[in-house]
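Hello,

I am handing over the structure we talked about. Please open it first, then read the notes beneath.

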Amino acid sequence: MAERTISFARGAPSADILPHDAVREAAAHALESDWEKALSYGTGRGHIGLCEWIAELHGVQPEQVMITNGSMEGAALLFRHLVSEGDRVVVEQPTYDRTLLLLKQARADLVGAPLEADGVDPAAVESACADGEVKLAHVIPNFHNPAGCTLSLEKRSALVKLAAEAGFTLFEDDPYRLISFDESRAETMLNMDSADRVIHASSFSKSVSPGVRVGYLVGPAEQITTLAKRANETYISPNMLAESIVFELCRSGGLDANLEVVNAALRERRDALVEALHEHIPEAEFVVPEGGYFLWLDLNDDVDTEALLTPAKEEGVTFVAGPDFMMEGGSSSLRLSFAPVPADDVAEGVQRLARALERTRESKSSAKAA
């Protein structure tokens with residue numbers, strides 16, 4: 001048993017790249033200049049200054065924005081508002097496990113649409129619409145969790161057009177957009193939408209830190225007003241102190257400075273992971289992510305990644321098995337998060353995973369021989 005576990009499981013950065021100094025300074029400034037808002041109740045719409053900053057970022061009106069306690073809370077509010085038992089909802093395969101959980105709790109009728117190297121297949125979404133009314137389609141466009149892929153511009157345009165024609169809500173779940181290892185950022189489907197069919201979600205959990213719990217929704221003003229009212233009825237006010245700190249980071253330039261540091265560190269970790277996989281697990285097939293936290297591995301069909309978890313833990317490495325992100329299947333796949341693993345530890349972690357994989361195959365061979 002290894003003395004120290006190297007975990008590729010958690011979708012969160014290691015503590016060494018959390019911006020504790022910047023957040024401390026932003027908190028001090030917020031409590032000096034914005035203390036009345038920071039320490040008081042807000043409304044379901046959240047911190048007005050931050051709403052205005054986000055509106056400018058996306059080129060929309062402030063009334064089209066609401067702040068939530070993390071983007072998953074925004075998703076939960078949206079699903080409760082839009083999705084009733086039996087409603088057909090298209091989800092990517094694989095997709096974020098918490099999305100599957102929330103939609104199952106809503107008793108939605110889930111329809112899977114396969115992912116390709118450049119994102120979800122619009123033809124599969126169109127086919128789902130042809131089979132019956134679709135209420136909502138959930139799409140993670142940038143640096144997908146768990147798959148790592150990015151939706152092409154052509155596919156974005158096709159999905160926006162399809163949502164307008166078929167009349168479903170296109171939920172653009174985009175928490176990783178700013179965690180980009182390239183200077184350019186793809187156009188959002190929100191920006192392409194002229195039919196009020198796209199609701200966009202994002203989060204400062206990735207660009208600042210998980211602990212701030214600040215996310216947001218952007219969409220048609222009428223929908224946002226209704227969702228903000230539901231938020232106000234549910235929890236009175238989001239975390240105004242956290243929102244005030246994030247607003248200070250945004251307007252002071254602290255967010256941009258942090259992104260430079262974080263994206264450079266994550267790029268280095270991504271590169272180390274790709275190199276180590278090519279060297280130690282050459283059978284692995286994967287899309288090289290252009291940002292974000294995650295890389296999705298497809299291994300040979302003889303591998304059961306749920307069974308692989310035990311020897312992996314014994315070797316001192318962890319990951320998340322593929323079936324967690326699938327409606328069915330995924331048994332030979334797994335998700336690796338490079339965000340929590342410093343670059344110097346990545347190769348050792350992959351070697352441990354390779355040893356666990358070898359042990360699993362040897363055990364299977366011995367069992368057959370017996």
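Below is what was found, by topic. Please keep in mind that this is a predicted model.

The sheet

Three strands make up an open sheet. Their order is 10-13-12, and the pairing is antiparallel. Strand 10 (294-298) and strand 12 (320-321) are the edge strands. Each of them pairs on one side only. Strand 12 is joined to strand 13 (residues 333-337) by two bridges. To find this spot, look for A321: its bridge partner in strand 13 is L334.

A helix comes next. Helix 12 (residues 254-280) lies across strand 10 and strand 13. It runs at about 15° to strand 10.

The surface patch

Four residues, L31, W35, L39 and L241, make a nonpolar surface patch. The patch covers about 390 Å². Take L39 as a way in. L39 sits in the loop between helix 2 (35-38) and helix 3 (48-58). Its relative accessible area is 57%, so L39 counts as exposed, the cut-off being over 50%.

A buried threonine

Now go to T95. This residue is in the loop between strand 3 (88-93) and helix 5 (97-105). Is T95 buried or exposed? T95 is buried, because its relative accessibility is 0% and buried means under 20%. What does T95 touch, leaving aside its neighbours within four places in sequence? The contacts are L100, H138, I140, H144, N145, P146 and F325.

Best wishes

Conventions:
Residues are numbered from 1 along each chain as its sequence is written. This is a predicted model: local features need pLDDT of at least 70, side-chain atom pairs count only at pLDDT 80 or more; totals for chains, interfaces and linings use all residues. Side-chain values use heavy atoms; hydrogens and water are left out. Two strands pair if DSSP finds at least two bridges between them. Helices (H or I, at least four residues) and strands (E, at least two) are DSSP runs, numbered from the N terminus. Contact means heavy atoms within 4.5 Å. Axes are lines fitted to C-alpha atoms, for helices over the stretch in contact, and angles run from 0 to 180 degrees between N-to-C directions. Patches are made of residues with over 30% relative accessible area and no salt bridge: like charges are joined within 9 Å, nonpolar side chains (Val, Leu, Ile, Met, Phe, Trp, Tyr) within 5 Å. Accessible areas come from the Shrake-Rupley method with a 1.4 Å probe; for residues, only the protein chains shown count as cover. A salt bridge is a side-chain nitrogen of Lys or Arg within 4 Å of a carboxyl oxygen of Asp or Glu. Buried means under 20% relative accessible area, exposed over 50%, partly exposed in between (1.4 Å probe, protein chains only).
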